[in-house]
Amino acid sequence: MAGGMLLSGATAALIATALPVHDPSSGIVDPPPDKIVIKIATVNGSGCPQGAAAVAVSPDNTAFTVTYSDYLAQVGGSADPTAFRKNCQLNLIVHVPQGFTYAIASADYRGFASLQRGASSAEKASYYFQGSPTTAAITHPFRGPYDDNWQATDVTDWAQLVWAPCGVQRNFNINTELRVSAGTSATGSTSFMTMDSTDGDISTVYHLAWKECPEF
């Protein structure tokens, strides 16, 4: 599936939220003026069937979003016994302007959860550049009773940012997981957690940091 779509005004406003202030001596610079292009190379996992994930880049190159349309984990009721856990592995081709490299400064994950009393759920995510070690997975737990939108944010300290290698094309991999447990909730009751959207308003947002590559 091709990516690189422009964001709606509402989503653009969403990703304009403030990021941590950085030290100018760190070498981090403003985003490059030339557009970056991101496309999905491969998609795998029970939470993102083929065609159920899309990528969009913000107009100012400060972030990109991933939107899912069929990402739902659930337990109880008529749910399939294997539906308690859903995962998605995205392999992205990222084209950045020459002379620049990028890192993920923070990531915002969003969705909706309906958890009965005694039930629980969790969202877990990690990401890495092709050929580099996987970042440590961060898990965000939720407990019932809960019936509302949810949000979880992962933030990386500036000194710990992992930068894309300069001068070589390395795909960017994103691994996410949703898991729901019935726990002590009433027999036959249903609990679920989603990270999907039918109208494009709920997206995972990856905020970018930029710096110039050294001259060779």
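**Exercise 1.** Determine whether histidine 140 counts as buried or exposed, and find which side chain its own side chain contacts.

*Solution.* Start with the accessibility: histidine 140 counts as buried because its relative accessibility is 17%, where buried means under 20% relative accessible area, exposed over 50% and partly exposed in between, with a 1.4 Å probe and protein chains only. Next, place the residue: histidine 140 is found in strand S10, strands being DSSP runs of E with at least two residues, numbered from the N terminus. Finally, look for a partner: the side chain of histidine 140 makes a polar contact with that of aspartate 154 at 2.5 Å, a polar contact being a pair of N or O atoms within 3.5 Å of which, within protein, one must be able to donate a hydrogen and the other to accept it, while residues adjacent in sequence count only if both atoms are side-chain atoms.

The model is predicted, so local features need pLDDT of at least 70 and side-chain atom pairs count only at pLDDT 80 or more, whereas totals for chains, interfaces and linings use all residues. Residues are numbered from 1 along each chain as its sequence is written, and side-chain values use heavy atoms, with hydrogens and water left out.

**Exercise 2.** Work out the strand order of the open sheet formed by 5 strands, and identify its edge strands.

*Solution.* Take the pairing as the criterion: two strands pair if DSSP finds at least two bridges between them. The order is then S3-S7-S12-S9-S10, with antiparallel pairing. At the edges are strand S3 (37–44) and strand S10 (138–143), each of which pairs on one side only. To check one pair in detail, follow S3 and strand S7 (residues 85–95), which are joined in the antiparallel sense over 7 bridges; here valine 43 stands opposite leucine 90 in S7.

**Exercise 3.** Examine the backbone at asparagine 61 and at the peptide bond from glycine 144 to proline 145.

*Solution.* Recall the background first: most residues other than glycine have a negative phi, and most peptide bonds are trans. Asparagine 61, although not a glycine, has a positive phi of about 65°, and this residue lies in the loop between strand S4 (53–57) and strand S5 (63–68). Asparagine 61 counts as buried because its relative accessibility is 1%. Turning to the second site, the peptide bond from glycine 144 to proline 145 is cis, with omega near 5°, and proline 145 lies in the loop between S10 and strand S11 (146–155).

Notes. Helix = DSSP H or I, 4+ residues; strand = E, 2+ residues; numbered from the N terminus.
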